[in-house]
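Here is a short tour of the structure below, written for reading with the model open beside you. Feel free to click along as each residue comes up.

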Amino acid sequence: MKIILGSASPARATLLHNAGITFDVLVSGVDEDALLDQHSHLPPAEIVTKLAEAKAQAVAESVKTPAFVIAADSMFHFEGMLLGKPLDVAIARERLNKMQGKFGELVTGHAVINTVTGVCHSAAGAAVVQFTEMNELEIEAYLATGEPLNVAGNFTLDGLGAAFINHVSGDPAAVVGLS
């Protein structure tokens, strides 16, 4: 059966590719903000799992051939807030300044749907991340790369952001975006 990644994430595509999996990409177009509002009362792991399930379902409904659809969603739980991608550089800068030397939890929800049976399996993976101290020049240089604007929590473990992470406890692949 065909495998379809329901995500535009280059990191997720790289993880599948490195695992030797052949797949197609089809992005869901799910309104994440509306779903976040709807499920905001749930714990972080349940929220990201609901988002992953919605993305997988949307892609599965558009697929006409037998396939396994894999979808995921990641968010960063930090100081009681669930953070996705920052909307702009100012928000990313503010977050990076607050995260210095502190811990947060990167939570990734996963969903796989078999388009033949309609059965969906989902779960969440997580890792606690500790950040290093960053000076103003480092923050500005990192922001200038554009990387923090394209990822949940403003950082990546598989990119330039790894230089600012002291320690990861838990599932490192969940931080990258697909356990």
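## Glu79 and its loop

Start at Glu79, which sits in the loop between β3 and β4. This is a predicted model, and in it Glu79 has a phi near 50°, a positive value in a residue other than glycine.

Glu79 also takes part in a salt bridge: its partner is Lys102, and the closest N and O atoms are 3.0 Å apart. Lys102 belongs to the loop between α4 (89-99) and β5, while Glu79 is in the loop between β3 and β4, so the pair ties together parts that are 23 residues apart in sequence. With 34% relative accessibility, Lys102 counts as partly exposed.

## Asn154, another positive phi

Now move along to Asn154, in the loop between α5 (136-145) and β7. Here too phi is positive in a residue other than glycine, with a value near 75°. Is Asn154 buried or exposed? Asn154 is buried, because its relative accessible area is 0%, and the cut-off for buried is under 20%.

## Helix α3

Helix α3 covers residues 44-62, which makes 19 residues. From its first C-alpha to its last, α3 reaches 28 Å, close to the 27 Å expected at 1.5 Å a residue.

Which residues of α3 are buried? They are Pro44, Ile47, Val48, Thr49, Leu51, Ala52, Lys55, Ala56, Val59 and Ala60. As you look down the helix, keep in mind that an α-helix has 3.6 residues a turn, so residues three or four places apart point the same way. The buried residues of α3 pack against two kinds of element: the helix α2 (32-39), and the strands β1 (2-5), β3 (67-78), β4 (81-83), β5 (103-114) and β6 (120-131).

## Lys55 and its two acidic partners

One residue of helix α3 deserves a close look: Lys55. Lys55 counts as buried because its relative accessible area is 8%. Leaving aside neighbours within four places in sequence, Lys55 is in contact with Ser28, Val30, Glu32, Ala71, Ala72 and Asp73.

Two of those contacts are salt-bridge partners. Between Lys55 and Glu32, the closest N and O atoms of the salt bridge are 3.2 Å apart. Lys55 lies in helix α3 and Glu32 in helix α2, so this pair ties together parts that are 23 residues apart in sequence. Glu32 is partly exposed, with a relative accessible area of 33%. Lys55 forms a salt bridge with Asp73 as well, and there the closest N and O atoms are 2.6 Å apart. That pair links distant parts of the chain, with Lys55 in helix α3 and Asp73 in strand β3, 18 residues apart. Both Lys55 and Asp73 are buried. Glu32, Lys55 and Asp73 are thus linked in a network of salt bridges. How many salt bridges does the structure hold? The structure holds six.

## Strands β5, β6 and β7

Strands β5 and β6 run antiparallel and are joined by 11 bridges. Ile113 stands opposite Cys120 in β6. The two strands form a hairpin with five residues between them, and Gly118 in the turn has a positive phi of about 80°.

On to the next pairing: β6 is joined by five bridges to strand β7 (residues 165-170), and these strands run antiparallel. In this pair, Val129 stands opposite Val168 in β7.

## The whole chain

Stepping back, the protein chain has six helices and seven strands. Along the sequence they follow the pattern β-α-β-α-α-β-β-α-β-β-α-β-α. The radius of gyration is 16 Å, close to the 16 Å that the globule rule gives for 179 residues, so the chain is as compact as a globular protein of that length. Taken along the principal axes, the C-alpha atoms fill a box of roughly 50 × 35 × 30 Å.

What share of the 179 residues is buried? Buried residues make up 43% of them. Among contacts with a separation of 6 or more, 65% are between residues 24 or more positions apart. The accessible surface of the protein chain comes to about 8900 Å², and 56% of it belongs to carbon and sulfur atoms.

Note on methods. Residues are numbered from 1 along each chain as its sequence is written. This is a predicted model: local features need pLDDT of at least 70, side-chain atom pairs count only at pLDDT 80 or more; totals for chains, interfaces and linings use all residues. Side-chain values use heavy atoms; hydrogens and water are left out. Helices (H or I, at least four residues) and strands (E, at least two) are DSSP runs, numbered from the N terminus. The expected span of a helix is 1.5 Å times one less than its number of residues. Buried means under 20% relative accessible area, exposed over 50%, partly exposed in between (1.4 Å probe, protein chains only). Contact means heavy atoms within 4.5 Å. Two strands pair if DSSP finds at least two bridges between them. The radius of gyration is taken over C-alpha atoms; the globule rule is 2.2 Å times the number of residues to the power 0.38. Accessible areas come from the Shrake-Rupley method with a 1.4 Å probe; for residues, only the protein chains shown count as cover. A salt bridge is a side-chain nitrogen of Lys or Arg within 4 Å of a carboxyl oxygen of Asp or Glu.
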